[in-house]
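Grab a pencil and pull up the model. Here are a few exercises to work through at your own pace.

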Amino acid sequence: MLSAWLLPEHIADVLPAQARRVEDLRRAMLDRARGYGFELVIPPLLEHLESLLTGTGRELDLKTFKLVDQASGRMLGVRADTTPQAARIDAHLLNRDGVTRLCYCGPVLHTRPAGLSATREPLQFGAEIFGHAGLEADLEAAELALDCLQAARAEPLVIDLADARVLRGVLAGVPLDAAQLQDVVQALSEKDAAALAELTQKAPAEARDALRALLRLFGGDEVIEAARRELPQRPLITQALDQLQWLARHLRAAYPGLRIGFDLSDMSGYAYYSGARFAVYGAGSSDALARGGRYDEVGAVFGRNRPAVGFSLDLKALAEVGSPPPLPAAIRAPWGDDPALRAAVRQLREQGETVLALLPGHELETQAFDCDRELVQVAGQWVLRALPN
């Protein structure tokens with residue numbers, strides 16, 4: 001018999017120190033987004049399944065928990081990603097003509113973890129720009145992602161750039177059904193040359209050569225020049241490479257310490273992205289801390305095919321990396337029914353100070369705050385006194 005306190009696999013409580021770190025990150029992310037002009041939305045945790053999965057790929061369908069609504073008998077889904085909900089809000093509830101910037105922060109739920117140590121309940125922060133097709137919006141999304149990770153002290157940062165249009169240009173005219181395309185994408189993502197050769201043995205020689213080249217096209221700036229030599233000279237591929245260079249140039253100018261790489265065989269989210277995409281890595285993390293890019297088709301199923309670009313990250317995962325901030329300062333105070341003492345404590349808390357009271361019969365024991373001052377009575381007045389380090 002299972003103990004009542006056991007949680008499902010890959011589901012965990014967030015304890016005080018980590019919860020404080022996560023909450024500090026949440027506030028920092030939202031402040032950064034507001035500084036860029038993003039508006040906060042709070043979509044529901046569950047929706048009718050057809051709305052939640054409309055237009056999304058098979059991967060999101062497999063990640064989504066499904067249940068029956070006891071009120072209506074209809075199938076509901078617990079969101080596994082908030083981006084489709086943001087697209088629905090932009091298309092149907094706001095319905096603005098110009099650019100709309102939306103951000104969100106809330107839990108999502110996955111049927112299976114993304115990795116051996118990953119949670120099935122990420123706390124997803126994300127930001128989306130709707131209504132602008134230019135590279136300026138792509139750059140803004142990448143810059144906000146980098147600013148958020150800098151605020152989390154996750155430096156040094158590395159950003160990998162790729163573009164879904166490169167593979168689409170390579171495969172133009174190659175007869176592949178959806179299942180075959182998915183297998184090719186997986187082989188590229190895993191850099192499995194043998195599987196890729198077997199899957200494309202009936203493809204034209206130009207496409208086979210280009211796919212083999214993609215497996216080698218990862219690294220620094222030299223990747224773009226190699227791609228121009230080794231990939232077919234097609235407008236879609238040329239446009240993608242030009243735009244990747246443009247983004248890299250602007251990011252390098254804005255973030256001198258940023259390492260920029262290119263991985264043209266990285267097909268993460270291939271069915272979802274429509275243009276340039278990025279993944280950002282930080283100190284102490286082998287997995288990407290933030291992923292984003294352009295996904296212009298995300299709103300089409302909601303009747304409004306607007307340009308869209310954005311990114312998302314998991315605050316729980318982010319809280320595990322980077323250097324933690326120092327403990328917040330606090331004031332130690334005795335407990336008592338002296339009106340002057342109680343008034344002094346209230347006044348300090350109203351000023352934004354953290355005041356920890358010594359409850360009767362207990363010494364103050366805390367690992368979450370740095371008590372650097374104490375409230376003491378001197379000549380009938382309650383005053384602050386510094387505590388020794």
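The exercises below go through rings and sheets in this predicted model.

**Exercise 1.** Work out how the rings of Tyr273 and Tyr295 are arranged, and whether each residue is buried or exposed.

*Solution.*
- Start with distance: the ring centres are 5.9 Å apart, and rings pair if their centres lie within 6.5 Å.
- Next, take the planes. They sit at 45° to each other, so this pair is tilted; stacked would need under 30 degrees and edge-to-face over 60.
- Now find the two residues in the chain. Tyr273 lies in the loop between β9 and β10, Tyr295 in the loop between β11 and β12, and they are 22 residues apart.
- Last, check burial, where the cut-off is under 20% relative accessible area. Tyr273 comes in at 10%, so call it buried. Tyr295 has just 2% relative accessibility, so it counts as buried too.

**Exercise 2.** How many aromatic pairs does the model hold, and which parts of the chain does the one between Phe125 and Phe311 link?

*Solution.*
- The count is two aromatic pairs.
- For Phe125 and Phe311, the centre-to-centre distance is 6.1 Å and the planes are 55° apart, another tilted case.
- Phe125 belongs to strand β6 (residues 123-130) and Phe311 to strand β12 (residues 308-314), so you're joining distant parts of the chain, 186 residues apart.
- Both of these Phe residues are buried.

**Exercise 3.** Find what sits over the ring of Phe218.

*Solution.*
- Look for the charged end of Lys191: you'll find it over that ring, 5.1 Å from the centre.

**Exercise 4.** Sketch the three-stranded open sheet and say which strands stand at its edges.

*Solution.*
- Write down the order, β2-β4-β3, and mark the pairing as antiparallel.
- β2 (46-48) and β3 (65-68) each have a single partner strand, so one side of each lacks a neighbour in the sheet, and these two are the edges.
- Add some twist: neighbouring strands here are turned by 35° against each other on average, direction ignored.
- Zoom in on β3 and β4 (residues 75-78), which pair over four bridges. Phe65 stands opposite Val78 in β4.

**Exercise 5.** Do likewise for the nine-stranded open sheet.

*Solution.*
- The order is β1-β5-β6-β12-β11-β10-β7-β9-β8, and the pairing is mixed.
- β1 (39-40) and β8 (218-219) have one partner strand each, so they stand at the edges with one side lacking a neighbour in the sheet.
- Inside the sheet, β10 and β11 run antiparallel and are joined by four bridges. Arg277 stands opposite Gly293 in β11.

Key: Residues are numbered from 1 along each chain as its sequence is written. This is a predicted model: local features need pLDDT of at least 70, side-chain atom pairs count only at pLDDT 80 or more; totals for chains, interfaces and linings use all residues. Side-chain values use heavy atoms; hydrogens and water are left out. Rings of Phe, Tyr and Trp (its six-membered ring) pair if their centres lie within 6.5 Å; planes under 30 degrees apart count as stacked, over 60 as edge-to-face and the rest as tilted. Buried means under 20% relative accessible area, exposed over 50%, partly exposed in between (1.4 Å probe, protein chains only). A charge sits over a ring if NZ of Lys or CZ of Arg is within 6 Å of the ring centre and within 35 degrees of the ring normal. Two strands pair if DSSP finds at least two bridges between them. Axes are lines fitted to C-alpha atoms, for helices over the stretch in contact, and angles run from 0 to 180 degrees between N-to-C directions.
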